[in-house]
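Hi everyone, thanks for coming. I'd like to walk you through one structure this morning, so please have it open in front of you.

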Amino acid sequence: MSGLAEDERFMAAAIRLCRRNLGLTSTNPSVACLIVKDGVILGSAVTAPGGRPHAETQALAEAGEAARGATAYVTLEPCSHHGKTPPCADALIASGVARVVVSVTDPDERVAGRGLSMLRDAGISVETGVLEAEGRAALAAYLNRQTRKQPYVTLKLAVSADGMLGRLGAGQVAITGPVSRGQVHILRAETDAILIGIGTALADDPELTCRLPGLEARSPVRIVLDPRLELPPASKLASTARVVPVIVVTSKESLDDPALDGRHAALEALGVEVLICDPRRLDALLPALATRGISSLLVEGGARAARSFLDAGLVDRILLSSGAGTIGKDGVASPCVSGRMPDGFSLRHTARYGADVLHDYERDE
């Protein structure tokens, strides 16, 4: 096997590994590191939940003295700055590795090539850009937050065969089958936060948690756009806010309205965070979420919230799951249907889950 082919094989394994902790490592990215010598993996790790320890230090600890002379495969440039932990570049240098292979350089201004320079200055051979497209896809949310100062936004829509998201006044309507719904829970488990509008919260009373066996602890932060603080304290969201965080985004006017007096305190008493930020100003909301370390945002409902994000040009990816059934009379029309997407999006992938078809669209560069 050629040197490049071997590098790509181990980097592909590292990229698969880094996906394991997506949604768990905020505010840090989910990075993976493999320590390899003579074709054998001596140590492997992914950024721990909560963001520490980093992948490199864990993988080096697993490899021990055998790391000397080995190659380290890292999905993101090793950090070069002192934060709550020492630089990973220093740890790699101290370990005696002979070579470091990196998929993606880090746009964080505290790193941005400095980690690579530290390694080279120490006499370590450094290769970059190995499977860079795949690495960027895995790290898309983190890279977006670093470069655009806002989360990477995925719009998820389940659409009936006649182009509907649901039925007026009917609450939750099953449009897709159990396999597709299971995939949604996996998506939630990989995401930092999930967002709906107050209309969906009132109509469906959703929980918005990850309920697949074994993944229950990976539920994302739940966000509701709620201009008039209408979320009921007895709702599933508010009543479980101390278990899985809930942020209600409301306008300043709602707090000054005597008719709404007491709603703010009632929600906060349940552990709900009330964020004062005009829900109609999504361009202001997204940077505010980014400052909280939220890198990935899943917009899951309903039609009004979906249209607001699309109209504002803030959607990076659209996941359109098409069911085989129809809604018919009193249906709520989807802002997107298969074959008719907003300008600037291209189909990247199609998959079948039971009777349903998933279309994965991404914004063009």
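Let me begin with a question: how many of the eight residues of strand 6 (residues 152-159) are buried? Before I answer, please keep in mind that this is a predicted model.

The answer is eight of the eight, so strand 6 is largely enclosed by the rest of the structure. You may remember the textbook picture here: in a regular strand, side chains alternate between the two faces of the sheet. In strand 6, Tyr152, Thr154, Lys156 and Ala158 point one way, while Val153, Leu155, Leu157 and Val159 point the other way. Whichever way they point, all of them are buried.

Now, who are the neighbours? Strand 6 runs parallel to strand 12 (residues 296-301), and four bridges join the two. Within that pairing, you will find Leu298 of strand 12 opposite Thr154. Strand 6 also pairs with strand 13 (residues 317-322), again in the parallel sense, this time over six bridges. There, Leu155 has Ile318 as its bridge partner.

Let's move on to the database record. An unreviewed UniProt entry lists several positions under "binding site", among them Ala158, Ala305 and Ala306. We have just met Ala158 as one of the buried residues of strand 6. Ala305 lies in helix 13 (residues 303-311), and Ala306 is in helix 13 too. Are these two buried or exposed? Ala305 is buried, with a relative accessible area of 6%, and Ala306 is buried as well, at 1%. Leaving aside residues up to four places away in sequence, Ala306 touches Leu155, Leu157 and Pro335. Leu155 and Leu157, you'll recall, point the same way from strand 6.

A quick stop at helix 7 (residues 178-189), where we find Ser180. With 6% relative accessibility, Ser180 counts as buried. Its contacts, again not counting residues up to four places away in sequence, are Ser321, Tyr353 and Asp356.

Last, a pocket. The second largest pocket has a volume of about 470 Å³. Two elements give two or more residues to its lining: helix 2 (55-63) and helix 6 (140-148). The largest share, three residues, comes from helix 6. In total, 28 residues line this pocket, and Asn28, Pro29, His54, His81 and Arg110 lie nearest its centre. What is the make-up of that lining? It divides into 10 nonpolar, eight polar and 10 charged residues.

That's my tour, and I'm happy to go back to any part of it.

Key:
Residues numbered from 1 in each chain as written. Predicted model: local features only at pLDDT ≥ 70, side-chain atom pairs only at ≥ 80, totals over all residues. Heavy atoms only, no water. 1 Å grid on protein atoms, 1.4 Å probe; cavity = no way out; pocket = protein on both sides within 12 Å on 5 of 7 lines; lining within 4 Å. Points joined across faces, edges and corners; volume = space filled by probe spheres on them. Nonpolar A, V, L, I, M, F, W, Y, C, P; charged D, E, K, R; others polar. UniProt positions renumbered as here; feature names shortened; annotations may be inferred. Buried < 20%, exposed > 50% of the residue type's maximum accessible area, 1.4 Å probe, protein only. Contact = heavy atoms within 4.5 Å. Pairing = 2+ DSSP bridges.
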